[in-house]
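Here is a friendly walk through one model, written with a computational chemist in mind. Please keep the viewer open as you read.

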Amino acid sequence: MQILPGPKVPSTIQVLNWIFRPMSYLRECAKNYGELFALKLQSNLPPILFVHSPEAMQQVLSNDHKELEAPGDLNSIFEYLLGKNSVISLSGKNHQRQRQLIMPPFHGERMRNYAELIESITTKTINKQPKNQPFNIRNVSQEITLQIMMEAVFGIYEGEQADKLRNLLCEIIEQSSVPWRVSFLYFPKLKDVIGISELWKQQIKKQEKADQLIYQEIQERRKNFDPQRTDILTLLMSSRDEDGQPMNDEELRDELMTLLFAGHETTATAISWAFYWIHKLPEVREKLLAELDSLGENPDSNTIFKLPYLTAVCNETLRIYPVAMLTFPRKVKTPISICGHQLEPGTVIMGSIYLTHQREDIYPEPQKFNPERFIERQFSPYEFIPFGGGSRRCIGLAFAQMEMKLILAKVLKTWSMQLVDTQEIQPQRRGLVTGPNGPINLVIENLRQPASVKLEKATV
Ligand code: HEM
C-alpha cells in the first residue's frame, strides 16, 4: 500500500484541528505536504484525500461516472435533516433522475420571475432597520434570503402558518450551523452525552413540526393545483422524469428542505461578506456606486446581472472566503493516478475549494480583496470554483448569483451605510460551511440618490 503525504499525529488531533480551525489547518497541510495530502478524520476508516491544483480538481470533478463517482451515501450526515430522497444523498441513476426533476426551475429564463420578488423583499427588510443604529448585516441578509426561499421556493407568503414555518426553519438551520453539530460526524457517540442528547431531541421535534407544516402545504397545493403559479414547489410538482413520473410527497418535502438548506445560509453568508468588503474598502465602494449610478433610477435586473464590476466584486467575495470549503466527496471506482499517486478503488477524495482559491500561482496576493483580478483575466472553471463542478455542481448557482447582485445593487443604490467596527473579520467554520467569526455591524446613515438624478436636478 502506498504511503500518502499527510500529518502523522493521532487521528483525534487531526479531527480537532479540522473541526475548530479548518482553514488554517488546510493551509498548513498544503504548505507541508503539497498538492495532495491525506487526513485521518475517522480512526476506523481510511484517510480522506484533499487536492487543490486546478489539474487535480478537473481530474476529480470531470471524471464522475468514469474512474470516480460521487456517491450520495458519503453525504449521509445530511440525511437526518434532508431525508433519504434528497438529491444530495442519492447516487448514480437516482441522483441523475432527481437532478433532472429539480433543474428546470433553475434555468436562466425562469430566474427572471424571481427578480422583482428579490428586490421587493430586500426593500421591505432594509426599510425596517432603524437609521443610525448598528445592525448585523448577516442577520438582515439571512432574513432576506429566508423570505426569498419561503416565497420563491415554497410559494408561501404571509399568515400564521407562514410565520410558524419560517421561525421553525430558521431555528433548525441555526442549530445545524454550530461546530459541535459537526462533531457528531466524527464522534457519533457524542449524541448520547447528557445535555447534547437533549438538544438533539429538541432539534428532531422541531423538524417533525416543520415537516407537518410542509406536508400540509403540499397536500393543499395538490388539492387546488394552479399551474399558473411560478414558485419552485409548483414547478417541481409539474416536473416529470424520463418515464413520465412526478415526485411523490416525500420526495417533494426532501427537495424543498434541500433547496432551503443548501441555498439559504450559503447565499446569506456570501452577501454579508460582500457588504463587509464593500464597506471596508472605500475604493471598491466608490467604483461600484459609480457603476450602479450610471444605470439611472430603475435599472432592469438583466442589466444589473451583467455589470462587470459588480460581477467582479461578487466573484472576489466568493473567491477569498468561499462559503463551501470543499466539494462533496468523490470515490475512486477504478485505479487512477492523481498528482503522481496511484489511488486504489474506495479511496475518498475532496476538492479543497478554499485552497484552490488561495493559490499564489493563480491569485497573486491571495489574502488581498482585489476585484480587478476578475476584470484583468478569466479563470478556468477549475481555478475559480465556488459552486463545485461535474455531476454535483451547485444547482442554485444562477439563483445565488442573481440574489447576490440584485440585493447588493438595491441596497447600495438606495442607502448610504458605514461599517461600525474597523477590526478585521475572519472566516470560521459554521457547521459544514464557513462564515464570519463575528458580527459585521453596519449603520444606515442616509437615503442616497443616484448620482445621475442629482446631476439632472443640478442642471434644472
Ligand atoms: C453562494 C451560494 C452558494 C454556494 C457557494 C454553493 C456552493 C455549492 C457547492 C460547492 C456544492 C457542491 C458541488 C460539488 O460537490 O461539486 C453545492 C451543491 C448544491 N447546491 Fe449550492 N451553493 C450556493 C447556493 C445554492 C442555492 C441558492 C441553492 C438552491 C436554491 C443551492 C442548491 C444546491 C444543491 C441542491 C446542491 C447539491 C447538488 C447535487 O448533489 O447534485 N445552492 N453548492
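## Two buried side chains

Tyr354 has a relative accessibility of 2%, which is under 20%, so this residue counts as buried. Keep in mind throughout that this is a predicted model. Tyr354 sits in helix H17, a helix that spans residues 353–357. If you measure from C-alpha to C-alpha, Tyr354 and Arg319 are 7.8 Å apart in space, although 35 residues separate them in sequence.

Thr317 belongs to helix H16, which covers residues 308–320. Is Thr317 buried or exposed? With a relative accessible area of 1%, under the 20% limit, Thr317 is buried. Its side chain has a polar contact too: the side chain of Thr317 reaches the backbone oxygen of Val313 at 2.7 Å.

## Around the ligand

Now to the ligand and its iron atom. Which protein atom is the donor of the iron atom? The only protein donor is SG of Cys394, at a distance of 2.3 Å. To find Cys394 in the viewer, look in the loop between helix H18 (372–376) and H19.

There are 30 residues around the ligand, and the ones that come nearest are His95, Arg99, Phe328, Arg392 and Cys394. Sorted by class, this shell holds 17 nonpolar, 10 polar and three charged residues. Helices H5 (92–102), H13 (249–280) and H19 (397–414) each supply at least two residues of the shell. Which helix gives the most? That is H13, with seven residues.

Some N and O atoms of the protein also pair up with atoms of the ligand, and the table sets these contacts side by side.

| Residue | Protein atom | Ligand atom | Distance |
|---|---|---|---|
| Arg99 | side-chain N or O | oxygen | 2.7 Å |
| Arg392 | polar side-chain atom | oxygen | 2.8 Å |
| Ala262 | polar backbone atom | nitrogen | 3.5 Å |

Arg99 and Arg392 thus appear here with side-chain contacts to ligand oxygen, while Ala262 takes part through its backbone. Both arginines are also among the residues that come nearest to the ligand.

## Two positive phi angles

Most residues other than glycine have a negative phi. Two loop residues are worth a look with that in mind.

Cys339 has a positive phi, near 50°, and is not a glycine. This residue lies in the loop between strand S6 (336–338) and strand S7 (341–343). Its relative accessibility is 32%, between the 20% and 50% limits, so Cys339 counts as partly exposed.

Glu365 also has a positive phi, about 45°, without being a glycine. Its place is the loop between helix H17 and H18. How does Glu365 stand with respect to solvent-accessible area, buried or exposed? Its relative accessible area is 53%, which is over 50%, so Glu365 is exposed.

## An enclosed space

How many cavities of 30 Å³ or more does the model have? The count is one, and about 40 Å³ of space lies in the largest cavity. The residues that line it are Tyr276, Leu419, Asp421, Gln423, Ile425, Pro439, Ile440 and Asn441. By class, the lining has five nonpolar, two polar and one charged residues.

Methods: Residues are numbered from 1 along each chain as its sequence is written. This is a predicted model: local features need pLDDT of at least 70, side-chain atom pairs count only at pLDDT 80 or more; totals for chains, interfaces and linings use all residues. Side-chain values use heavy atoms; hydrogens and water are left out. A residue is near a molecule or strand if one of its heavy atoms lies within 4 Å of it. A polar contact is a pair of N or O atoms within 3.5 Å; within protein, one must be able to donate a hydrogen and the other to accept it, and residues adjacent in sequence count only if both atoms are side-chain atoms. Helices (H or I, at least four residues) and strands (E, at least two) are DSSP runs, numbered from the N terminus. Ala, Val, Leu, Ile, Met, Phe, Trp, Tyr, Cys and Pro count as nonpolar, Asp, Glu, Lys and Arg as charged, and the others, Gly among them, as polar. Donors are N, O and S atoms within 2.8 Å of the metal (3.2 Å for Na, K and Ca); water is not among the atoms, so sites may look incomplete. Buried means under 20% relative accessible area, exposed over 50%, partly exposed in between (1.4 Å probe, protein chains only). On a 1 Å grid over the protein atoms alone, a cavity is a set of points where a 1.4 Å probe fits but cannot get out, and a pocket is an open set with protein on both sides within 12 Å along at least five of seven lines; lining residues have an atom within 4 Å of a point. Grid points are joined across faces, edges and corners, and a volume is the space filled by probe spheres set on the points.
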